[in-house]
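I sat down with a notebook and a few simple things to look up. Here are my entries, in the order I made them.

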Amino acid sequence: MKIEQIKITDNYAVINWMTPVILKKLKILAEKGIIKQFYWTKIWKRLRKKILEYDHKECQVCKSRGKHTIATMVHHIKHLEYYLELGLSSTYIDGQGREHRQVISLRDDCHKEFHPKPNEKSKIIITEERW
């Protein structure tokens, strides 16, 4: 299954609250294998709330499929454990200099499509690029 690239509209608030101090703390959590503790921080909860508000609490995957469902969480497109520096950013810049959404609102079932169980493949293709 393929979803359309989530567009950044004119009224989208580009947020980047990452600081060197926060990044250092994130690296320590990652080294200890407890990166999930990041999701309990006040600053993450604040970003999560802003993204859900921006998306009107609509699941962006369902929306791209023509359905309207309530989002219950947000998702890092570039996964936190691999891109710590993007942990508190609402967007990222790709290799061609284009800006994309980094955090999107999802419902639980759609979120599971991004994080398949071991030995399962993800059902979502994020870009058209193929190798």
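**Entry 1: the fold.** Before placing any residue, I note that helices (H or I, at least four residues) and strands (E, at least two) are DSSP runs, numbered from the N terminus. I am working with a predicted model. With that settled, I looked up Lys27 and found this lysine in helix α1, residues 20–31. For the protein chain I get 4 helices and 4 strands. Following the sequence, I read the pattern as α-α-α-β-β-β-β-α. I also looked up burial: of the 131 residues in the protein chain, 37% are buried.

**Entry 2: back to Lys27.** Is Lys27 buried, exposed or partly exposed? I put Lys27 down as partly exposed, because its relative accessibility is 43% and the partly exposed class lies between 20% and 50%. I then checked Lys27 against Leu84, which sits 57 residues away along the chain. Their C-alpha atoms are separated by 7.3 Å.

**Entry 3: the cysteines.** How many disulfides are there? My count comes to 0 disulfides. To be counted, a pair of cysteine sulfur atoms has to lie within 2.5 Å. For Cys59, the closest cysteine sulfur belongs to Cys110 at 3.7 Å, so the two are too far apart for a bond. Cys62 is in no disulfide either, and its nearest cysteine sulfur, again that of Cys110, is 3.6 Å away. I noted the burial of both: Cys59 is buried at a relative accessible area of 1%, and Cys62 counts as buried at 1% relative accessibility.

**Entry 4: salt bridges.** I find 6 salt bridges in the structure, and I wrote up three pairs.

- Asp55 pairs with Arg101, with 2.9 Å between the closest N and O atoms. This pair links distant parts of the chain, 46 residues apart: Asp55 is in the loop between α2 and α3, and Arg101 is in strand β3, residues 99–101. Asp55 counts as buried at 3% relative accessibility, and Arg101 is buried with a relative accessible area of 3%.
- Asp109 and Arg107 meet through their side chains at 3.3 Å, N to O. Asp109 counts as partly exposed at 44% relative accessibility, and Arg107 is partly exposed with a relative accessible area of 24%.
- Lys112 pairs with Asp108, the closest N and O atoms being 3.2 Å apart. Why are these two separated by about one helical turn? The reason is that Lys112 and Asp108 are 4 residues apart in helix α4, residues 108–114. Lys112 counts as partly exposed at 49% relative accessibility, and Asp108 counts as partly exposed at 34%.

**Entry 5: a charged patch.** Which residues form the positive surface patch? I list Arg46, Lys49, Lys50 and Lys57. I looked up one of them further: Lys57 is in the loop between α2 (42–54) and α3 (60–64). Lys57 is partly exposed, with a relative accessible area of 49%, and that value clears the cut-off for patches, which take residues with over 30% relative accessible area and no salt bridge.

**Entry 6: loop note.** Putting two entries side by side, I see Lys57 in the loop between α2 and α3, and Asp55 in the loop between α2 and α3 as well. Lys57 is partly exposed, whereas Asp55 counts as buried.

Terms used
Residues numbered from 1 in each chain as written. Predicted model: local features only at pLDDT ≥ 70, side-chain atom pairs only at ≥ 80, totals over all residues. Heavy atoms only, no water. Patch = residues over 30% accessible without salt bridge, like charges linked within 9 Å, V, L, I, M, F, W, Y side chains within 5 Å. Areas by Shrake-Rupley, 256 points an atom, 1.4 Å probe, with all protein chains shown as cover. Salt bridge = Lys/Arg side-chain N within 4 Å of Asp/Glu carboxyl O. Lys, Arg positive; Asp, Glu negative; His and termini not counted. Charge placed at Lys NZ, Arg CZ, Asp CG, Glu CD. Buried < 20%, exposed > 50% of the residue type's maximum accessible area, 1.4 Å probe, protein only.
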